[in-house]
Amino acid sequence: VLKELEEGDVRSAMITGDNVLTGINIAQECNLIPVGWRVLLGSSINSEGGIIWIDSATDEVAKAPTLDMLDGPASHVALAVTGETWSKLLETPEFAVQLSEHIRVYGRCTPNDKVSIVSTFVKEGNITLMCGDGGNDCGALKTAHVGIALSRAEASVVSPFTSLDLSLTAVTDVLKEGRCALASAFSSYKYMIVYGQVETIR
């Protein structure tokens with residue numbers, strides 16, 4: 001599923017309430033974070049109010065990521081943050097938005113953190129899809145442009161879409177049908193415009 005999304009020019013990220021290291025491990029196993037990439041983790045906030053960044057592989061303190069470091073053509077660095085450090089990043093919204101393009105894992109997120117992350121993507125003009133399977137995902141499912149519930153419980157009540165087989169393949173199914181509907185609409189408009197011009201000429 002993630003490979004299909006990448007081929008379809010869709011950027012994916014994981015937002016979880018679990019420990020951020022668990023999220024990083026799962027992201028690496030499913031290739032959400034490519035093999036061999038360095039992962040910088042914004043783990044906590046120090047006494048001076050700054051974010052402590054560590055290398056997730058070595059647990060050693062690392063330099064704070066810069067846009068030059070992350071945007072380079074040979075850059076193989078992914079970021080991970082906790083809900084707490086994400087809230088700290090939002091104190092400088094422009095920088096937070098720029099870093100969010102490189103954050104692959106958001107861990108230890110409360111329901112409010114999830115809403116904050118999704119709403120940041122939405123405000124920046126990104127067409128945002130969220131899928132979740134629990135009551136703590138309800139707010140984010142409602143905030144996203146497209147919400148897909150992987151549950152028949154609370155999440156399915158507030159979400160526009162519910163996966164019948166409770167599988168991530170629902171994400172690619174919704175995107176494919178949406179893109180097909182858009183292509184059909186454009187084709188219909190083109191036909192009506194051309195038909196009107198032909199009738200006018202006749």
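# Sheet, surface patch and salt bridges in a predicted model

Among contacts in the protein between residues at least 6 apart in sequence, 49% join residues at least 24 apart. The model is predicted.

Reader: How many helices and strands does the secondary structure of the protein come to?
Author: The C-alpha atoms of the protein fill a box of roughly 75 × 40 × 30 Å along the principal axes. Within the protein, the secondary structure comes to 9 helices and 8 strands.

Reader: What share of the residues of the protein count as buried?
Author: A residue counts as buried when its relative accessible area is under 20%. The protein has 202 residues, and the buried share of them is 37%.

Reader: How much surface does the protein expose, and what share of it do carbon and sulfur atoms supply?
Author: The exposed surface of the protein is about 11,900 Å². Of this area, the share supplied by carbon and sulfur atoms is 55%.

Reader: In what order do the 5 strands of the open sheet stand?
Author: The pairing in this sheet is mixed. β1 (14-15) and β3 (51-55) each have a single partner strand, so they stand at the edges, with one side of each left without a neighbour in the sheet. The order is β1-β5-β4-β2-β3.

Reader: Is β4 enclosed by the rest of the structure or left open, and how many of its residues are buried?
Author: Both faces of β4 are covered. On one side Val77, Leu79 and Val81 are buried, and on the other Ala78, Ala80 and Thr82 are buried. β4 is therefore largely enclosed by the rest of the structure, the count of buried residues being 6 of the 6.

Reader: How many bridges join β4 to β5, and how many join β2 to β4?
Author: Strand β4 (residues 77-82) and strand β5 (residues 103-107) run parallel and are joined by 4 bridges. β2 and β4 also run parallel, and the number of bridges that join them is 5.

Reader: Which residues stand opposite Ala80, Val81 and Leu79?
Author: Towards β5, Ala80 has Val105 as its bridge partner. Val81 has Tyr106 as its bridge partner in β5. For Leu79 in β4, the residue opposite is Leu40.

Reader: Which strands does helix α2 lie across, and at about what angle does it run to β5?
Author: Helix α2 covers residues 20-29. It lies across β1, β2 (38-45), β4 and β5. Its angle to β5 is about 140°.

Reader: Is Ser56 buried or exposed, and which residues is it in contact with beyond its neighbours within four places in sequence?
Author: Ser56 is placed in the loop between β3 and α3 (67-71). Its relative accessible area is 19%, and the cut-off for buried is under 20%, so Ser56 counts as buried. Leaving aside neighbours within four places in sequence, its contacts are Ile24 and Val39.

Reader: Which residues make the nonpolar surface patch, and how exposed is Tyr195?
Author: The patch measures about 820 Å² and is made by Leu182, Phe186, Tyr189, Tyr191, Met192, Ile193 and Tyr195. Tyr195 lies in helix α9 (residues 169-201). Its relative accessibility is 45%, so Tyr195 counts as partly exposed.

Reader: Where do Glu7 and Lys3 lie, and how far apart are N and O in their salt bridge?
Author: Glu7 and Lys3 both lie in helix α1 (residues 2-7), 4 residues apart, which is about one turn of the helix. Glu7 is exposed, and so is Lys3. Their side chains meet in a salt bridge with an N to O distance of 3.5 Å.

Reader: Are Glu91 and Lys88 exposed or partly exposed, and what is the N to O distance of their salt bridge?
Author: Glu91 has 55% relative accessibility and so counts as exposed. Lys88 has 23% relative accessibility and so counts as partly exposed. The side chains of Glu91 and Lys88 meet in a salt bridge with an N to O distance of 3.1 Å.

Reader: Are Lys114 and Asp137 buried or exposed, and how far apart are their closest N and O atoms?
Author: Lys114 is in helix α6 (residues 111-123) and Asp137 is in the loop between β6 (129-132) and α7 (138-143), so the pair, 23 residues apart, links distant parts of the chain. Lys114 has a relative accessible area of 3% and is buried. Asp137 counts as buried at 5% relative accessibility. The two form a salt bridge in which the closest N and O atoms are apart by 2.7 Å.

Terms used. Residues numbered from 1 in each chain as written. Predicted model: local features only at pLDDT ≥ 70, side-chain atom pairs only at ≥ 80, totals over all residues. Heavy atoms only, no water. Pairing = 2+ DSSP bridges. Helix = DSSP H or I, 4+ residues; strand = E, 2+ residues; numbered from the N terminus. Contact = heavy atoms within 4.5 Å. Axes fitted to C-alpha atoms, helices over the stretch in contact; angles between N-to-C directions. Patch = residues over 30% accessible without salt bridge, like charges linked within 9 Å, V, L, I, M, F, W, Y side chains within 5 Å. Areas by Shrake-Rupley, 256 points an atom, 1.4 Å probe, with all protein chains shown as cover. Salt bridge = Lys/Arg side-chain N within 4 Å of Asp/Glu carboxyl O. Buried < 20%, exposed > 50% of the residue type's maximum accessible area, 1.4 Å probe, protein only.
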